[in-house]
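This briefing presents selected features of one protein model for a reader new to structural biology. Please keep the sequence and the structure in view while reading the points below.

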Amino acid sequence: MKLLILVALFGLGHTQHNPHTKHGTTAIVHLFEWRWADIAAECERFLGPNGFAGVQISPPNEHIVVNNPWRPWWQRYQPIGYNLCSRSGNENELRDMITRCNNAGVNIYVDAVINHMCGAGGGEGTHSSCGSWFSAGRKDFPSVPFTQWDFNDHKCRTGSGNIENYGDANQVRDCRLVGLLDLDLGKEYVRSKVAGFMNKLIDMGVAGFRVDACKHMWPGDLANIYGRLHNLNTRWFSGGSRPFIFQEVIDLGGEPITSREYFHLGRVTEFKYGAKLGSVFRKWNGEKLSFTKNWGEGWGFMPNGNALVFVDNHDNQRGHGAGGASIVTFWDPRLHKMAVGYMLAHPYGVTRVMSSFRWNRHIVNGKDQNDWIGPPSHSDGSTKSVPINPDQTCGDGWVCEHRWRQIKNMVIFRNVVNGQPHSNWWDNGSNQVAFGRGNRGFVVFNNDDWNLDVTLNTGMPGGIYCDVISGQKEGHRCSGKQIHVGGDGRAHFWISNRDHDPFVAIHAASKL
């Protein structure tokens, strides 16, 4: 019997590593703080047609409301219940978005905040985004309901009730993360409420979850909750499909809690990936692109089958979360496009692209004093819609990196080369590198301070290919550079170090 249970648990975790993407798509985009109506439209008009696999959405459940003109983005990470009304929209709008995105071939992955409720100072007799009354001071959340008996304070052994020492795994998991009321996920009642919330979303048609703050929850508690989850909705997914789980575990080394403790439960966010890739493209600490020949597990990253990777995320693009100043973001667009292009060309991990909004940065002593500012909003605090400009970029403060031609075309590249091996590596010993993906694609990067001028074996069939960075294939012509591959698979590449985007990518579908 014990063996059967172990086999069942192993099988459960193993299947939760599968993102269940449709139609050969491979890359997820995080549409951070977008409204449900805008995500539904984006799935139909852009994401589906351009081969995006899925969207990570902001937490959909009710949260605190901080009344200032720029309601902070982090209020979404302070839940007060599991009713589905947030600053992104109500339950009907959420349901409509899930249906329309699934019908467009785009999966929805929910950012699930299940470690905690709001902060202990979150208000007395206040109202949530759903209008529900709650009292943080009394730990009274009647819309669930949770009471003082459903929190971990009795387990925490620190004077403040907060985590004081990240070297103590018990504190990290049983005490409050920055004052947030820590749920007792060891209790049957609490587990049932959390699983019920997640199951409602699964039944609506979501494909899985990004689970927030997993380092702060015991793996055994998470295994219990994940084991209660329903199979995915057979309207859009094959029978018996388990929800895709990717868990936020910040592990840069040096702490007792490691990402590998969560591998059996689902994929895990590989924070070392963006931190290291940023250092390489910034050429800090003597790092060079030529060192990335063994990128991935060769750099001490987690096993490929367990990793979800990203260049930046909603936390570390603001200077906190993990990775520090090396993280490359939309504020440095030239490097950002190169780093995201490299990630999407390389076979390691399930990839997630960030789609951001701008805020007025105010740096004092290396820290952004405005890192809390929420999404573009109207005077009443409601989130603005995302307007699409004639050139397909976004307006009104929305950055929409996923719509940048170079990034969108590399998402397509990743789909075209999916399943092909990393091949035909070349480097100049410095910051010029090239590699292929079998006979389906080839990329060349020039991050040196001088021009690249080289003839390389691409491994691809002879013909004329459109570079999908400087332009793309449009009918029977290229809107950017043309690359001529000879019958021997060799091609000449010339990339100026002053090019707007000093990299080139070709793939089987960009051939004339």
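For the classes used below, Ala, Val, Leu, Ile, Met, Phe, Trp, Tyr, Cys and Pro count as nonpolar, Asp, Glu, Lys and Arg as charged, and the others, Gly among them, as polar. By these classes, the lining of the second largest cavity has two nonpolar, five polar and three charged residues. The model is a predicted one. The points below deal with cavities, pockets, a helix, a strand and a loop residue.

**Cavities**

- Three cavities of 30 Å³ or more are found when the whole structure is searched.
- The largest cavity holds about 50 Å³ of space. It is lined by 13 residues, and N152, R173, L183, L185 and D221 are the closest to its centre.
- Four nonpolar, four polar and five charged residues make up the lining of the largest cavity.
- The volume of the second largest cavity is about 40 Å³.
- The second largest cavity is lined by H30, Q56, R210, E248, T269, F271, F310, N313, H314 and R352.

**Pockets**

- The largest pocket contains about 700 Å³ of space. Its lining consists of 22 residues, and those nearest the centre are L177, V178, D315, H320 and G321.
- In the lining of the largest pocket, eleven residues are nonpolar, six are polar and five are charged.
- The second largest pocket contains about 370 Å³ of space. Of its 18 lining residues, Q317, R318, G319, A325 and R361 lie nearest the centre.
- The lining of the second largest pocket comprises four nonpolar, seven polar and seven charged residues.

**Helix α5**

- How far apart should the ends of helix α5 be, at 1.5 Å a residue? The 17 residues of α5 (residues 188–204) should span 24 Å, and the end C-alpha atoms are indeed 24 Å apart, so the two values agree.
- The buried residues of α5 are V190, R191, V194, A195, F197, M198, N199, L201, I202 and M204.
- An α-helix has 3.6 residues a turn, so residues three or four places apart point the same way.
- The buried residues of α5 pack against two helices, α3 (91–103) and α6 (219–227), and against two strands, β3 (107–112) and β8 (208–211).
- Immediately after α5 comes G205, which takes a positive phi of about 120°.

**Strand β18 and its partner**

- In a regular strand, the side chains alternate between the two faces of the sheet.
- Strand β18 (residues 452–457) has L452, V454 and L456 on its covered face, whereas D453, T455 and N457 lie on the uncovered one.
- β18 pairs with strand β23 (residues 490–495) in the antiparallel sense, over six bridges.
- Within this pairing, D453 has W494 of β23 as its bridge partner.

**Residue S356**

- S356 lies in the loop between β12 (350–355) and β13 (363–364).
- Is S356 buried or exposed? S356 counts as buried because its relative accessibility is 0%, and the cut-off for buried is under 20%.
- Leaving aside residues up to four places away in sequence, S356 touches Q317, F330, W398, V399, C400 and E401. Q317 is also one of the residues nearest the centre of the second largest pocket.
- S356 and A37 are separated by 319 residues in sequence, and their C-alpha atoms are 17 Å apart in space.

Note on methods: Residues numbered from 1 in each chain as written. Predicted model: local features only at pLDDT ≥ 70, side-chain atom pairs only at ≥ 80, totals over all residues. Heavy atoms only, no water. Buried < 20%, exposed > 50% of the residue type's maximum accessible area, 1.4 Å probe, protein only. Helix = DSSP H or I, 4+ residues; strand = E, 2+ residues; numbered from the N terminus. Pairing = 2+ DSSP bridges. 1 Å grid on protein atoms, 1.4 Å probe; cavity = no way out; pocket = protein on both sides within 12 Å on 5 of 7 lines; lining within 4 Å. Points joined across faces, edges and corners; volume = space filled by probe spheres on them. Expected span 1.5 Å × (residues − 1). Contact = heavy atoms within 4.5 Å.
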